[in-house]
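These are my notebook entries on what I looked up in this structure. The order is strands, cysteines, then cavities.

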Amino acid sequence: MKSQVLFLFLLSLLCGAISQHIQYVIPEELARGSRVGNLAKDLKLSVQELPARKLRVSADFFNVSAESGDLLVSGRIDREKICGRKSECALEFEMVAENPMNVFHVLVAIQDINDNAPRFITKDIDLEICESASPGVKFPLDSAQDADVDSNSLKIYTINPNEHFSLSTKESPDGSKYPELLLEKPLDREQQSSHRLILTAMDGGDPPLSGTTQIRIQVTDANDNAPVFSQNTYRVRLQENVPWGTSVLRVKATDQDEGVNAEITYAFLNAPVSTSLLFNLNPNTGDITTNGTLDFEETSRYMLAVEAKDGGVHTAHCNVQIDIVDENDNAPEVTFMSFSNQIPEDTELGTVIALIKVRDQDSGQNGLVTCYIQEEVPFKLESTSKNYYKLMIDSPLDREQMAEYNVTITATDKGKPPLSSSTSVTLHIGDVNDNAPVFQQSAYMVHVAENNPPGASIAQVSASDPDLGPNGHVSYSVVASDLEPRALSSYVSVSSQSGVVFAQRAFDHEQLRAFELTLQARDQGSPALSANVSLRVLVGDRNDNAPRVLYPALGPDGSALFDTVPRAAQPGYLVTKVVAVDADSGHNAWLSYHVLQASEPGLFSLGLRTGEVRTARALGDRDAARQRLLVAVRDGGQPPLSATATLLLVFADSLQEVLPDLSDRPVPSDPQAELQFYLVVALALISVLFLLAVILAVALRLRRSSSPTAWSCFQPGLSSKSEPGVLPNYNEGTLPYSYNLCVASQSAKTEFNFLNVTPEVAPPRDLLCEDPSMNVCASNEDPKIAYDSSFSSHVSFYKST
């Protein structure tokens, strides 16, 4: 049969996810593959859009053609089987379209066709009518059943023509029609004890269909009174799911006859099989009880016909209307219409990731459903329309904090008590490159001992990236340094995979004590993210430099210098100082001084840390005037390194005592050396004359003064002797000292060295209070004239060759 399609209305968009409502009308029993309507056209979709939109329906009887967009019949549609005797029958389902996601409500109304003829439950209807029955007595008969509705349902009853009976069609409160036999003419059992009639039921179809049954009437003796019910229609409300055997109500009929004719029995009249299975009628008392489980969702109302029959042939009829009251006995159902379980962590807020439908078979408040999420998750539910919800992103996602979420969606109705159901779904969060590598330390510092082997590992940096795959794969490189860019590659390199830093050469603490690198960790994401960290490399010192003796220095010919000591020097007198430096640092540059050999072991003492040579006792008569000390300077390294210095000491009260010994030595024949010597001697004589003039001027000024205190400094007992000062300025373990060249006259080819302390650290002293045996010094470092009483007769000399 050609389908009849009616396109009723098209709703506007609803909240992004629920879109339109479409209605069609078709007759039942359409052949499979029959066209219901063109969904694509009704939705204003072009044929080219259909493959991308992926139309699909959630119905048992229909499907959608992917090529044309037609809604087609896919199964047998029997209206009577689907909707029973309901006046309106419709199949409602949803059609889902993707890209973008939309849900369309489709309602297909099923029209009834006249495909069921009226049918009587029994083949024969037996009646017993008393011969005394008066004309006009009515006898309700069993009705026929017609599964069709409206115009195709049962319309009229007829009987074959006869002189005693006529037939009329009556309508019950529920709208069903039943036949009623009317006695038109008195009966005479003696003339005719039985009658046979043909009862015909006819529907209103085109063409009409009919069904027949036989009425067998047995004429009996008289019974004057028929039973009478207290009500024509009994009504009762009954809760669904009541236990079996629950009393529904009691029907009551009375008969004014006596004896057997007044004994009334009750029975259901024309009760469907399903009804007789659910209710039980006591034939003697009229009590109706439940005989099964009542379900409001299956049937909300039952109409029962009850017949009361006396001991004779008289009967009475009533109707019992049982309304089933709904109870909250159905939990809501949660169904995912569309769902995406892989969500990138940078998905925008408000993005719909699932479309959910909730349904409750109960009615009224029992069928009203609310839906919510139990856990604290970054998602929310938003109601759209008609029990539809959208699952949306409510707060930012971070895969590194939570890689997946188990979301439990709970639907609860408003019944008392409320019923609920839950559905859990797992949402997986996809990774994006949103985390830069992070170093384990904010800065690195490493100590490397000098003289390291080239290629050795000196440090390792490590950075972590919580992203996955290439987004979390880290490589390392050097991006900056305080070294020269060209020299960087010759100093260090870094492994791009492990972050291990290698030395490309042996480091020298004395040349490079520290340098700084800037290392970068970079992931493989797109775009790539990176982080920098500083690595400071401190080159540690090793004891690879022996001490170097600065004083006493060797002469031009490599011979040791001489130092003079006054014969009257007391114990503790500072004779000289061995000065040495060490290029190393720390303990490796911590120097100690030791006497290896001495002409007189007990005559001099040597400071362990200062290198100062002092007299340990006074010079004896048996002690030689010339003394020789061999001093070792040892550093604090392991193993220690050392250097030696030879000291030649001469006991003499004046320089003149030493000069004859020196004059006996061969004179060098170098003319350049002689010239230098004469220049030095001339400079020394001028200095001496200048000092004598200053002293004389001061003495004359003091002499004019009558104050005796002015001459007190010339008293021998008040003259003080100051020790030479030492500048307390350490640099990596050794002391800087200033050395001046001192010369004296009367020796044409002799040079003298004196230790001269700089004026800043020497204690102040009165020039007139000094020892009269003074020496004049010319310093290359400071043009000032310096005096030191403790060194006035302290002469170091050597013979030039």
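Entry 1, terms and model. I took helices (H or I, at least four residues) and strands (E, at least two) as DSSP runs, numbered from the N terminus. I called two strands paired if DSSP finds at least two bridges between them. I worked on a predicted model, where local features need pLDDT of at least 70, side-chain atom pairs count only at pLDDT 80 or more, and totals for chains, interfaces and linings use all residues. Residues are numbered from 1 along each chain as its sequence is written, and side-chain values use heavy atoms, with hydrogens and water left out.

Entry 2, strand 25. I looked up the partners of strand 25 (residues 315-325). Strand 18 (residues 233-239) runs parallel to strand 25 and is joined to it by seven bridges. Within this pairing I noted that Tyr234 has Val320 of strand 25 as its bridge partner. On strand 24 (residues 301-309) I found nine bridges to strand 25, and these two strands run antiparallel. Lys309 is set opposite Thr315 of strand 25. The connection from strand 24 to strand 25 is a hairpin of five residues.

Entry 3, burial. I used buried for under 20% relative accessible area, exposed for over 50% and partly exposed in between (1.4 Å probe, protein chains only). Strand 25 is mostly covered, with eight of its eleven residues buried. Cys318 has 2% relative accessibility, so I listed it as buried. Cys371, at a relative accessible area of 11%, is also buried.

Entry 4, disulfide. I accepted a disulfide where a pair of cysteine sulfur atoms lies within 2.5 Å. How many disulfides does the structure hold? I found one. Cys83 and Cys89 form it, with their sulfur atoms 1.8 Å apart. The link is right-handed, with 65° about the S-S bond. Cys83 is buried at 13% relative accessible area, and Cys89 is buried at 5%.

Entry 5, cavities. A cavity here is a set of points, on a 1 Å grid over the protein atoms alone, where a 1.4 Å probe fits but cannot get out; lining residues have an atom within 4 Å of a point. Grid points are joined across faces, edges and corners, and a volume is the space filled by probe spheres set on the points. I got two cavities of 30 Å³ or more. The second largest has a volume of about 30 Å³. Its lining consists of Glu128, Cys130, Ala133, Val137, Phe139, Val313 and His314. I sorted the lining into five nonpolar residues, one polar and one charged, with Ala, Val, Leu, Ile, Met, Phe, Trp, Tyr, Cys and Pro as nonpolar, Asp, Glu, Lys and Arg as charged, and the others, Gly among them, as polar.

Notes: 1 Å grid on protein atoms, 1.4 Å probe; cavity = no way out; pocket = protein on both sides within 12 Å on 5 of 7 lines; lining within 4 Å.
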